[in-house]
Amino acid sequence: MLAKLFLALLLTLSCVFAAHAQSKSHPSDKFKQLGDELPTANDYRAASGAPGSRYWQQRADYTIDVELDDARQRITGKETVTYHNLSPDTLSYLWLQVDQNIWAKDSDSYKTMTAPSFKDLPFHTIDNLIARRDFDGGYKITSVTDARGAALPHTIVQTMMRIDLPQPLAPGASVAFSVEWNYNINDQKRIGGRTGYEFFKEDGNYLYEIAQWFPRMAAYNDASGWQHKQFLGSGEFTLEFGNYRVRITVPDDHIVAATGVLQNPQEVLTRAQRERLEQARTAKQPVYIVTPAEAKANESSKPRGKKTWVFFADNVRDFAFASSRKFMWDAQLHDVGGNRVMAMSYFPKEGNPLWEKYSTHAIMHTLNVYSRYTFNYPYPVAISVNGPVGGMEYPMICFNGPRPETDGTYSESTKHALISVVIHEVGHNFFPMIVNSDERNWTWMDEGLNTFLQYLAEQEWERGYPSRRGEPKNITEYMASENQVPIMTQSDSVLQFGNNSYGKPATALNILRETVLGRELFDYAFREYARRWKFKRPLPADFFRTMEDASGVDLDWFWRGWFYSTDHTDISIEHVRLYTIDTRDPEVERERARQEKAAQPETLSDQRNKSQTKRVEQFPTLNDFYNTYDEFKVTASDREEFQKYLETLTEDERAMLKLGLNFYVIELKNVGGLVMPVILQIDYTDGTTDELRIPAEIWRYDNFNVQKLIMTNKEIKSIALDPHLETADVELENNFFPRRPVKSRFQLFKEEKKLNPMQELEKKPLPPATTQP
């Protein structure tokens with residue numbers, strides 16, 4: 001019975017304390033389901049977020065011959081593409097991506113470049129602008145033919161090329177065609193890019209990292225048809241899976257790293273190098289395949305001819321390679337859930353000692369961590385290459401930039417930069433190289449998810465690893481900033497690209513894992529998403545729906561707030577009010593009133609008037625009944641009235657009067673607009689502490705103001721909101737009751753007086769004038 005009375009009391013208080021802000025005139029529903037925002041489920045994509053019963057995707061197989069001209073820094077290539085139409089549609093033309101055209105002088109990317117800030121501009125920025133203006137980039141397409149060698153009509157539209165088919169390509173049919181091309185390789189150190197070369201003045205050699213180097217099939221899918229949105233630079237690539245056989249011809253002293261497995265080591269490696277490669281299969285540490293001594297000898301040599309390196313890659317969406325005579329190469333075979341993977345690093349001497357110490361270990365560590373949270377890494381090779389590109393990913397191979405100083409020393413931040421970029425770029429094998437999202441539209445689907453897993457991998461590298469992204473406290477400045485757009489913004493229109501597409505989604509997923517769902521539910525759902533869409537093309541709705549489907553938790557409020565809005569977390573403790581039960585017992589209540597009156601502060605006037613002689617003290621006859629009356633004294637009438645009241649109560653009701661409960665009402669305000677769980681740390685005067693974790697649904701009736709009731713027999717000393725900094729709350733000052741002082745520090749400095757022009761001249765006289773002839 002007493003429990004029922006408590007429940008009735010609690011419900012009554014809840015109704016009293018709930019003052020709903022949203023109304024007919026102030027509508028707000030941050031818990032509205034994502035009905036309008038998500039596409040309607042169908043046979044291709046199920047409402048659960050899984051691939052539908054009739055899911056399909058296209059496929060393209062490539063046979064490519066390419067030659068690297070080290071004298072002129074050029075690429076010349078020929079490819080045969082076999083395109084498989086696995087869609088239910090008949091296609092009368094095909095679209096290919098010709099991404100090198102981003103370097104053409106008339107490209108949209110170049111023409112839409114905005115001006116830099118001309119305040120304190122460094123030299124390299126001007127050099128970059130001039131080099132970009134003068135660079136003769138872009139594909140020179142010299143031939144497009146069918147399987148019989150007949151020319152095919154084709155039209156180049158900036159970074160896309162349409163091939164008109166002589167016969168419509170029916171569902172289930174395939175077509176083969178060939179393309180020949182060449183282009184000038186960009187100087188990556190001068191004009192940037194995701195690919196390019198680096199020239200080393202000291203030894204006169206080049207290092208090439210080659211990507212987006214061949215015309216690639218554009219993606220055709222059930223949601224958008226052909227994905228032929230132009231490549232402007234930010235929105236990366238949307239590609240089809242296929243098999244690649246690639247023959248790469250380079251100077252005979254070059255070492256080549258590439259997507260896939262080397263098919264002809266007997267022709268391109270020395271016997272000693274082949275033996276070391278075999279030793280790497282059982283080694284406990286990375287083994288040099290090409291030693292520092294061999295790389296040094298190559299640097300000073302001249303090629304005597306050419307070699308062709310042959311690679312085969314099965315079921316990949318792209319192909320990249322690197323080539324240089326400067327490369328050292330180390331390797332170690334690593335077991336990933338039964339899949340034997342050759343982890344390998346290629347780097348010039350400028351990369352040591354950092355690269356030989358950390359790169360291959362970082363590869364293996366990444367494969368371990370990512371596989372645990374998704375699926376076992378399926379490919380036979382994982383490669384990290386040091387070169388001019390700061391960080392870029394391709395199937396089985398990635399390009400990473402950090403190096404030590406020229407004297408071999410390095411800072412702690414450089415060490416962590418190398419480890420982090422290797423983790424990040426190797427991690428991209430999972431997203432988007434295998435979970436094949438549409439990068440051109442949704443950068444966050446690979447960069448955000450990958451940065452989240454990067455954070456988990458970094459935290460398993462060493463204690464106290466200084467991860468840049470992932471921790472909620474690291475994103476607060478961005479979340480409060482004005483210059484931003486929602487995560488669900490097309491890639492080329494994103495503002496603050498790194499924060500928007502990397503940091504914010506990674507932080508959101510970390511919060512979802514740690515605070516909203518908990519690790520067990522999140523990890524299960526995230527793994528389910530990865531496995532459902534392994535070697536398939538998910539859309540944002542597939543991710544959102546799968547996470548809800550597999551966790552069993554409605555997360556529409558979370559996606560709406562974090563991904564579809566620019567709201568931020570700023571929850572304030574506005575007030576704390578204490579309510580106690582009036583027992584109506586005169587013995588208790590009169591004494592309580594006496595103590596409260598005695599505890600009232602003595603006013604300043606009362607203090608100063610104490611020494612005054614009062615008139616009633618001079619004339620005692622003025623005193624009457626009220627001068628000695630005790631307003632707090634309990635009378636027989638009071639006791640009799642209380643007894644009559646008790647007789648009207650049940651036993652449980654009489655017991656409730658003696659509970660001595662404190663009813664604290666905490667008034668919370670959602671200042672930032674983002675609905676989030678409320679985590680409260682409550683410290684009591686007896687030295688004990690409680691933590692109260694309230695789901696975000698507390699805001700469902702009122703998105704902006706709520707009042708939380710805490711019933712306790714203890715006296716609360718203080719309350720802290722978000723004590724573990726887990727919700728990305730941007731303003732901590734309003735997270736405390738009572739308010740705490742805002743701490744800061746300042747430095748003192750001694751003012752220096754600047755010299756006037758006369759003093760400057762006396763200090764450093766002008767040189768004597770020279771007489772002109």
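## A walk through the structure, starting at helix α15

The buried residues of helix α15 are D556, W557, F558, W559, R560, G561, W562 and F563. Keep in mind as you look that this is a predicted model. Helix α15 spans residues 556–563, and eight of its eight residues are buried, so the helix is largely enclosed by the rest of the structure. What does the enclosing? The cover over the buried residues of α15 includes four helices you can pick out in your viewer: α10 (444–459), α11 (476–480), α12 (497–516) and α14 (540–551).

From that cover, let's follow α10 to its meeting with α8. The axes of these two helices come within 10 Å of each other and cross at roughly 115 degrees, and the crossing of α8 past α10 is right-handed. On the α8 side, the residues taking part are H365, V369, Y370 and Y373; they meet N450, L453, Q454, L456 and A457 of α10. Sorted by class, this contact has six nonpolar and three polar residues, with no charged ones.

Helix α8 also leads us to the nonpolar interior. The largest nonpolar core has 189 residues, and W213 and F543 are the ones with the most contacts inside it. The largest share of this core, ten residues, is supplied by helix α8, which runs over residues 354–373. To see how one of the well-connected residues sits, centre your view on W213. Leaving aside residues up to four places away in sequence, W213 touches I64, V66, I75, Y139, W181, Y183, V246, F319, A320 and F321. There is also a second, separate core of five residues, among them F642, L646, L649 and L657.

Next, a stop at a single threonine. T195 sits in the loop between α4 (188–191) and β8 (196–200). Is this loop residue buried or exposed? T195 has 2% relative accessibility, and because buried means under 20%, T195 counts as buried. Its surroundings are easy to list: apart from residues up to four places away in sequence, T195 touches Q100, N186, Q188, E209, I210, A211, Q212 and V389. With E209 there is a specific pairing to inspect, since the backbone oxygen of E209 lies 2.7 Å from a polar atom of the T195 side chain. A further pair to look at is T195 and Q73, which are 122 residues apart along the chain, while their C-alpha atoms are separated by 13 Å.

Finally, some backbone geometry that you may want to check for yourself. Most residues other than glycine have a negative phi, and most peptide bonds are trans. The following places depart from that pattern. The peptide bond from N352 to P353 is cis, with omega near 10 degrees, and P353 lies in the loop between β20 (339–347) and α8. Another cis peptide bond joins F737 and P738, where omega is about -10 degrees; P738 belongs to the loop between β30 (736–737) and α21 (757–763).

As for phi, F535 is not a glycine, yet its phi is positive, at about 60 degrees. F535 is found in the loop between α13 (519–532) and α14, and α14 is one of the helices covering α15. R584, also not a glycine, has a positive phi of about 65 degrees and lies in the loop between β24 (571–580) and α16 (586–598). With 49% relative accessibility, R584 counts as partly exposed.

Definitions and conventions:
Residues numbered from 1 in each chain as written. Predicted model: local features only at pLDDT ≥ 70, side-chain atom pairs only at ≥ 80, totals over all residues. Heavy atoms only, no water. Core = buried A, V, L, I, M, F, W, Y, C linked by side-chain atoms within 4.5 Å. Buried < 20%, exposed > 50% of the residue type's maximum accessible area, 1.4 Å probe, protein only. Contact = heavy atoms within 4.5 Å. Axes fitted to C-alpha atoms, helices over the stretch in contact; angles between N-to-C directions. Left-handed = near helix turned anticlockwise from the far one by under 90°. Nonpolar A, V, L, I, M, F, W, Y, C, P; charged D, E, K, R; others polar. Polar contact = N/O pair within 3.5 Å; in protein donor to acceptor, adjacent residues only side chain to side chain.
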